[in-house]
Amino acid sequence: MDTNEDILTKGIAILIIGMYILKRRKSFRWFNRKYWMRPINMRRLDQGDFYHLLQEMKNDSEMFFRYTRMSLCVFNQLLEMIRPFLTKRSHRALTPEHRLALTLQYVYFNGNYASQVRKVILHT
């Protein structure tokens, strides 16, 4: 029969091996990634819907109204009223203006929007 000291030593050894295996599995998950961030997402600031299309629509009141269902003046007033509630502190966070535009699109499409956008809207 094993003594208490032998049982304790075996238990510690099993615990250490288990921790090593768990750590290895977590690090392996990120090891096989092809990209840290996909190139298309890196160009989002230059070519994204909000940063490119919506900014151009601000010059065309009819297109802006069709996209947001409100005039630019009303959009800006609404944005100023709810800006504190839409401001997030993460370095990757969307701007309050972008969050509002996404929310308006989400409402316009009756909630049938991409799942990532849905997560942003529900968090807003």
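**Notebook: around helix α4**

Started from His98, which is found in helix α7. Reminder to self: this is a predicted model.

Entry 1, His98. I wanted to know whether His98 is buried or exposed. The relative accessible area came out at 11%, and since buried means under 20%, His98 counts as buried. Next I looked up what His98 touches beyond residues up to four places away in sequence, and got Phe50 and Tyr51.

Entry 2, α4 on α7. Those contacts sent me to the helix pair. I took helix α4 as residues 49–57 and helix α7 as residues 96–108. How do the two pack? Their axes are 11 Å apart, at an angle of about 80°. That makes α4 roughly perpendicular to α7, because angles of 65 to 115 degrees go under that label. On the α4 side I listed Phe50, Tyr51, Leu54 and Gln55; on the α7 side they meet Glu97, His98 and Ala101. By type, the residues of this contact split into 4 nonpolar, 2 polar and 1 charged.

Entry 3, α4 on α5. Same lookup for the other partner. The axes of α4 and α5 come within 7 Å and cross at roughly 130°, so the two helices are oblique to each other. Asp49, Leu53, Leu54 and Met57 are the α4 residues here, and I found them meeting Ser61, Met63, Phe64, Tyr67 and Thr68 of α5. The tally for this contact is 6 nonpolar, 2 polar and 1 charged.

Entry 4, the buried side of α4. Which residues of α4 are buried? I get Phe50, Leu54 and Met57. They span an arc of only 60° around the axis, which puts them on the same side of α4. The spacing fits the textbook picture: an α-helix has 3.6 residues a turn, so residues three or four places apart point the same way. I also checked what the buried residues of α4 pack against, and the partners are α5 (61–68) and α7.

Entry 5, the core. I pulled the largest nonpolar core and got 12 residues. Phe50, Leu54 and Met57 are among them, as are Phe64, Tyr67, Met70, Phe75 and Leu79. Leu86, Leu100, Ala101 and Leu104 complete the list. Which helices supply at least two residues each? α4, α5, α6 (72–86) and α7 do.

Entry 6, Met70. Last lookup was a member of that core, Met70. Leaving out neighbours within four places in sequence, I found Met70 in contact with Phe64, Phe65, Phe75, Leu78 and Leu104. Phe64, Phe75 and Leu104 are on the core list too.

Conventions: Residues are numbered from 1 along each chain as its sequence is written. This is a predicted model: local features need pLDDT of at least 70, side-chain atom pairs count only at pLDDT 80 or more; totals for chains, interfaces and linings use all residues. Side-chain values use heavy atoms; hydrogens and water are left out. Axes are lines fitted to C-alpha atoms, for helices over the stretch in contact, and angles run from 0 to 180 degrees between N-to-C directions. Angles under 35 degrees count as roughly parallel, over 145 as roughly antiparallel, 65 to 115 as roughly perpendicular and the rest as oblique. Contact means heavy atoms within 4.5 Å. Ala, Val, Leu, Ile, Met, Phe, Trp, Tyr, Cys and Pro count as nonpolar, Asp, Glu, Lys and Arg as charged, and the others, Gly among them, as polar. Buried means under 20% relative accessible area, exposed over 50%, partly exposed in between (1.4 Å probe, protein chains only). The arc is that of the directions from the helix axis to the C-beta atoms. A nonpolar core is a set of buried Ala, Val, Leu, Ile, Met, Phe, Trp, Tyr and Cys residues joined through side-chain atoms within 4.5 Å.
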